[in-house]
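This report describes selected features of one protein chain, from its strand pairing to its backbone geometry and its aromatic contacts. The sequence and the structure follow.

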Amino acid sequence: MTVRRTCRHSLTCPALLAIFLLSVAVQMVRTSSESDPYKILGVSRSASQAEIKKAYKNLAKEWHPDKNKDPKAEDMFIKVSKSYEILSNEERRSNFDRYGQVDENQPYGQSQQQGFRGFHNSFYFDESFFHFPRSRDFADSKYLLHHAQFNTDVLPDSHKRPYLIKVTSEWCFACIHIEPVWKETVQELEPLGVGIGIVDLGYERRLANQLGAHRAPSIIGLVNGRVTFFHQAVVREHLRQFIEDLLPQKLVEKVSDNNYVAFMDNWHAENKPSVLLFDQVPSASLLYKLTAFAFRDYVRFGYVDQGETHSTRILRQFNINTYAPTMLLFKEDTQKPVDIIQARGMKRQIMDEFVSNNKFLQVPRLVNQQLFDELCPVKQFHRRRKYCVLLITGEDPAFLSGNKAFLDFASANSKEVLRFAYVYQRHQQPLCQALLHNQAALSPQVVLLERRSQAGRVLYRSVSGGWNGSEEDKYRLHEQLELLQKDPTYLTLESTLPELNNEMAPMFIIQWMNAAYDYILQVYDDLLYSNWREMMPILSLIFSALFILFGTVIIQAFSEPGESKPRKPKPKEQPQTEEEASSRANTTSRPPKKDFVEVTELTDLTYTSNLVKLRPGHINVVLVLTNASKTALLRKFAKEVFSFSGTQNLHFSFLNADKHRHWMPSLLRSTSAVQDQGHEEDEESSDYSGHVLALNGHKKYLCLFRPVFTGDDPNDSSTETSFSSDSRRKSRSRSRSSSHSRSRSHSREDGAGGKRGSSRATTIDVHHKLDRLGLWMERLMEGTLPRIQVPAWPILDETTNNFSTES
């Protein structure tokens, strides 16, 4: 049976439905207006970023819960912060203007842009609908880090304690997921001394970029200014182990019966007190390691496992109670501790106070400026005066008794206003010279001083009589200390002390190796875990360099050693003037491409192309030789002209005078200089071997090189014995002017020298004839050689005085 319910009054149902829809619409509009970031900040939709920022600052100051006690202040402050977060980001602001959407993780479909755009603009879901927390826990606000605060406070403090930093942002689902584990970890690690920080990725983008954090959530460890990312599952045990792994490895030394004597006696070398912790667990606790990290510059830390069988002797020697952890602190006396604490639940505050009250030896050695500043601080107020009793001594065995007596005196006269210390004169010479007036102390000296400024100004006075450790010395020192405490003006001398040398500074190579190790670890961590988009520029640069390097090696390995690039066809050259040809000859010089010189013989077939019809601007350098001197002269010729063989407008040839004996005399007779002289030479008796001619076929001129006598006449004994060295020096000095004068004008000496030259030429070694050809070639390339005009080139195979008619 079906029961159908109907309205008794047909007009009542539509009216009720209209009222209900109207109330829902009003509520939706009211909710939308309450959640509109523009209305919350009180700015228009066209407001600039400067206006939005100004409005946010004013409202944040007004509704901050620490300043405004209104119960609604916290909710209003959260709304103002979220509104500013939306409008300060251009992408979020654009999404809100288009779709009323503020969640970056939800995609936007086309249906939202078109059919339901108006619906999204007028409808708003409260964040509790999606089970978001209404606000960030205000307990976390004390951990929020800002860029300036991080660099001024957190970064320097990371050298004393590690920091665990969480990078988060609004609308981050994963951040909400790890929040319970994070709170538990903070509650456990913060009492131990671990620094806690939170970085909001939306508000502190600059700090996030400095840390290298570009996504949320991220967890970072900070120790000694070095940033390390956490990459494991977010579990409390993993985070605790992460902090422990950040600490240096050798903070706490494992001590047993085998090494406790060496550990205790090492106080003198390291100039630090020693702390020993006795406990039943196999390794030291995280609290003890954090304390060791904070005081590592002042105190040495050791750990004894009471459960090991190799620890019975040390437990029996110091009478350790095995039912509770025990800490012993030793100074100069390694047999008797100066302080002891024993408790089951040691707190960080108790442990810090225990170590900080005993972080200096009874009489420490001043090894650096930092220790001097802390041990003998600058005077600030009259009641806080600190007088430093300084022993200037040596490290030789002869000084041991005096040093021991000074330690005994300091132990017996320990007071709050007196600080006892000593320095080795050899290690701190500038300080000792300032206090001893540049005089070397033959015996130990005691100086009383009071620091007056950070710049090094001190008032001081030396104890008369020196220090040998005798009872008289102790009485004299005690008397002067009493006078000093009664009358501060007892210190009459004034000086400015230089900065102390750092005796404990590691060697440069060790510092470099440590820095290189840290850098390699950082690069490895970045390559293994960092965002690959951030590493792509570096990886691209590395692979490009490797590709270029190995590509070049492979190409060189597979290329032939004598392979040369193909030459491009040379364009047809236009006629050039004489000056243009000379300048081109100078500018086209380059290193030779081959390891030999190509020399062509002038024959009937090559004569026309290599001389008569030689291209404009080109010069043919021709060597005249005979069958007997061919091998030696060609070898010497190639050696002298090798450096010029890369010039494109130079060609090298040789002419056999035995085959064409009439060509050379015919050429010389045709020149104007020879015709003017009118001397007839004996063509048959003249020896032209060793002559070199630079022939320009187009301009019809030549430059002549005549062999110069550079050797000695073997038949002339006097020359050999008396004038050999002088003749060599004179011939070298005359070599340049000789070829110049002989080629420019054929004087009487030249004419007569033809006969003398023929007789002397037989005495010249063949390989000496071209000794000065290199200098002559340089002058040829410079264009400074005299040019002899030739009316016409002789025909090569003609024995009579005929000339070619080629122009």
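In this predicted model, strand 5 (residues 252–254) and strand 7 run parallel and are joined by three bridges. Within this pairing, Val252 stands opposite Phe301 of strand 7. Strand 7 is also joined to strand 6 (residues 274–279), again in the parallel sense, by six bridges. One of the partnerships here is that of Ser274 with Arg300 in strand 7. Between strand 6 and strand 7 the chain passes through helix 14 (residues 286–294), and the resulting β-α-β crossover is right-handed.

How many of the residues of strand 7 (residues 300–305) are buried? Six of its six residues are buried, and the strand is mostly covered. In a regular strand, side chains alternate between the two faces of the sheet. For strand 7, Arg300, Gly302 and Val304 lie on one side, and Phe301, Tyr303 and Asp305 on the other. These residues are all buried, and both faces of the strand are thereby covered.

**A second covered strand**

Strand 18 (residues 692–696) takes part in antiparallel pairing. With strand 16 (residues 619–625) it pairs in the antiparallel sense over four bridges, and Val621 has Ala694 of strand 18 as its bridge partner. Five bridges join strand 18 to strand 19 (residues 701–705), and these two strands also run antiparallel. Here Val692 has Phe705 in strand 19 as its bridge partner.

Because five of the five residues of strand 18 are buried, the strand is largely enclosed by the rest of the structure. Val692, Ala694 and Asn696 are buried on one side, and Leu693 and Leu695 are buried on the other, which leaves both faces covered. The hairpin of strand 18 and strand 19 has four residues between the strands, and in this hairpin Lys700 takes a positive phi near 60°.

**Backbone geometry in the loops**

Most residues other than glycine have a negative phi, and most peptide bonds are trans. Against this background, two asparagines and one proline deserve mention. Asn224 has a phi near 55°, a positive value in a residue other than glycine. Its position is the loop between strand 3 and strand 4 (226–229). Asn224 counts as partly exposed because its relative accessibility is 32%.

Asn319 likewise has a positive phi, near 55°, and is found in the loop between helix 15 (312–318) and strand 8 (326–330). With a relative accessibility of 69%, Asn319 counts as exposed.

Is the peptide bond from Ala216 to Pro217 cis or trans? The bond is cis, with omega near 0°. Pro217 lies in the loop between helix 10 (205–211) and strand 3 (218–223).

**A polar contact in helix 26**

Ser670 is found in helix 26 (residues 663–670). Its relative accessibility is 2%, so Ser670 counts as buried. The side chain of Ser670 reaches the backbone oxygen of Leu667 at 2.6 Å.

**Aromatic pairs**

Ring pairs are counted when the ring centres lie within 6.5 Å, and by this rule the count comes to 14 aromatic pairs. Two edge-to-face examples are given below.

| Aromatic pair | Centre to centre | Angle between the planes |
|---|---|---|
| Phe230 and Phe242 | 5.3 Å | 70° |
| Tyr422 and Tyr424 | 5.6 Å | 70° |

Phe230 lies in the loop between strand 4 and helix 11 (236–246), and Phe242 lies in helix 11, so this pair ties together parts that are 12 residues apart in sequence. Both Phe230 and Phe242 are buried. In the tyrosine pair, Tyr422 counts as buried because its relative accessibility is 10%. Tyr424 is buried as well, with a relative accessible area of 7%.

Which residues do ring pairs link into a cluster? The cluster consists of Phe406, Phe409, Phe420 and Trp467.

**Charges over rings**

Charged side chains are also placed over aromatic rings. Lys82 lies over the face of Trp171, at 5.5 Å from the ring centre. Arg451 lies over the face of Phe372, where the distance from the ring centre is 4.7 Å.

Technical notes:
Residues are numbered from 1 along each chain as its sequence is written. This is a predicted model: local features need pLDDT of at least 70, side-chain atom pairs count only at pLDDT 80 or more; totals for chains, interfaces and linings use all residues. Side-chain values use heavy atoms; hydrogens and water are left out. Buried means under 20% relative accessible area, exposed over 50%, partly exposed in between (1.4 Å probe, protein chains only). Two strands pair if DSSP finds at least two bridges between them. A crossover is right-handed if, with the strands pointing away from the viewer, the path from the first strand over the helix to the second runs clockwise. A polar contact is a pair of N or O atoms within 3.5 Å; within protein, one must be able to donate a hydrogen and the other to accept it, and residues adjacent in sequence count only if both atoms are side-chain atoms. Rings of Phe, Tyr and Trp (its six-membered ring) pair if their centres lie within 6.5 Å; planes under 30 degrees apart count as stacked, over 60 as edge-to-face and the rest as tilted. A charge sits over a ring if NZ of Lys or CZ of Arg is within 6 Å of the ring centre and within 35 degrees of the ring normal.
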